[in-house]
Amino acid sequence: MGAIQRVARTTWHHTYRYSIPEGVRAQFLDHAYAADTLRRRIASNVFLVALQDGNIVGFSDFRTLSQTEAELAAIYVLPGMQARGIGGRLLAAGISHFATGTRFVLRVERDNALALRFYEAHGFQRSGELTEELFGYEFHDVEMVLDPGF
Ligand SMILES: CC(C)(COP(=O)(O)OP(=O)(O)OC[C@H]1O[C@@H](n2cnc3c(N)ncnc32)[C@H](O)[C@@H]1OP(=O)(O)O)[C@@H](O)C(=O)NCCC(=O)NCCS
């Protein structure tokens, strides 16, 4: 669990260093990756980790929404390990846990150009935009969907 929390913290602070204020990042991480919350996510979701020399360097977290729909709730690879195919494998392995025909949805911060490119390269399409206030900060997200049959 500690290793997953470390990957989340390091990658979150690095990814959003220019777009989300540090205090907001810290509050989000304390909330979404608190031990209890993380334990629940690991128990109920399709939660995968990527290992390099026995160390966790990335993870993905897929949440079932209905019999036909799942959400990619998180996918994070340590900054130094990105762009080596690990994210692609975490994505494909997660998708393979669900029935053929499942629709996948996700939200991504609108300034996160690398992640937007990654998702689009894997067949996700933009389906909308969403603004959500959390910890007194307005998050601007792009909603994306991977439709069955892609
Ligand atoms: C998005 C992410 C999970 C992809 O994992 P990854 O292991 O870097 O992805 P892969 O190596 O399988 O694929 C790389 C592709 O993703 C994109 N990409 C994403 N992050 C990148 C980075 N830091 N450097 C280079 N390319 C990156 C590129 O489009 C690249 O495509 P290319 O190989 O055609 O150039 C990973 O980069 C990451 O953790 N980023 C920071 C956290 C984040 O934004 N998570 C998603 C939140 S919604």
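Two strands count as paired if DSSP finds at least two bridges between them, and by that rule β3 and β4 pair in the parallel sense, over 3 bridges. The model on the screen is a predicted one, and the tour below moves from its sheet to its core, then to the ligand and finally to three single residues.

**The sheet**

Begin by selecting the strands, of which 6 form an open sheet with mixed pairing, in the order β1-β2-β3-β4-β6-β5. At the edges stand β1 and β5 (125–134), and because each of them has a single partner strand, one side of each is left without a neighbour in the sheet. If you turn the view so that you look across the strands, you can follow how neighbouring strands of this sheet are turned against each other, by 25 degrees on average with direction ignored. Add helix α1, residues 2–15, to the selection: this helix packs on the sheet, where it touches β1, β2 and β3, and its direction makes about 90 degrees with that of β2.

**From strand to strand**

Next select residues 46–52, which are strand β1, together with residues 55–64, which are strand β2; the two run antiparallel and are joined by 7 bridges. Within this pair, look for Val46, whose bridge partner in β2 is Phe62. The hairpin of β1 and β2 has 2 residues between the strands, and its loop is a place to which the tour returns.

Keep β2 in view and add strand β3, residues 69–77, which runs antiparallel to β2 and is joined to it by 7 bridges. These two strands also form a hairpin, here with 4 residues between them. Two residue pairs help to trace the match between them: Thr64 stands opposite Ala70 in β3, and Ser60 has Ile75 of β3 as its bridge partner.

Moving on from β3 to β4, you reach the parallel pair named at the start, where Glu71 can be selected together with Val105, the residue of β4 that stands opposite.

**The nonpolar core**

Which residues of the largest nonpolar core touch the most other members? Among the 22 residues of this core, they are Phe59, Ile75, Tyr76, Leu106 and Met144. To see which elements surround them, colour α1, β2, β3, α4 (86–95), β4 (103–109) and β6 (137–146), since these are the elements that give two or more residues to this core. The greatest contribution comes from β3, which gives 6 residues.

Met144 deserves a selection of its own, for with residues up to four places away in sequence left out of the count, Met144 touches Leu106, Val108, Tyr119, Phe124, Gln125, Arg126 and Ser127.

**Around the ligand**

Now centre the view on the ligand and select the 19 residues around it, of which Gln82, Ala83, Gly87, Gly88 and Phe118 come nearest. The elements that give two or more residues to this shell are α1, β3, α4 and α5 (113–121). Of the elements around the ligand, α5 gives the most, with 5 residues. If you colour the shell by class, you will find 10 nonpolar, 7 polar and 2 charged residues.

**Three single residues**

Return to the loop between β1 and β2, which is the place of Asp53. The phi of Asp53 is near 50 degrees, a positive value in a residue other than glycine. Is Asp53 buried or exposed? With 5 other C-beta atoms within 10 Å, Asp53 is exposed, because a residue counts as exposed if 12 or fewer such atoms lie within that distance.

Then go to the loop between β5 and β6, where Phe135 has its place. Phe135, although not a glycine, likewise has a positive phi, of about 55 degrees. Phe135 has 15 other C-beta atoms within 10 Å and is therefore partly exposed.

The last stop is His31, in helix α2, which spans residues 22–32. His31 counts as exposed because it has 11 C-beta neighbours inside 10 Å. If you draw a distance from His31 to Arg17, C-alpha to C-alpha, the two are 18 Å apart in space, while 14 residues separate them in sequence.

Key
Residues numbered from 1 in each chain as written. Predicted model: local features only at pLDDT ≥ 70, side-chain atom pairs only at ≥ 80, totals over all residues. Axes fitted to C-alpha atoms, helices over the stretch in contact; angles between N-to-C directions. Contact = placed C-beta atoms within 7 Å. Core = buried A, V, L, I, M, F, W, Y, C linked by C-beta atoms within 7 Å. Buried ≥ 20, exposed ≤ 12 C-beta atoms within 10 Å, placed from the backbone. Near = placed C-beta within 6 Å. Nonpolar A, V, L, I, M, F, W, Y, C, P; charged D, E, K, R; others polar.
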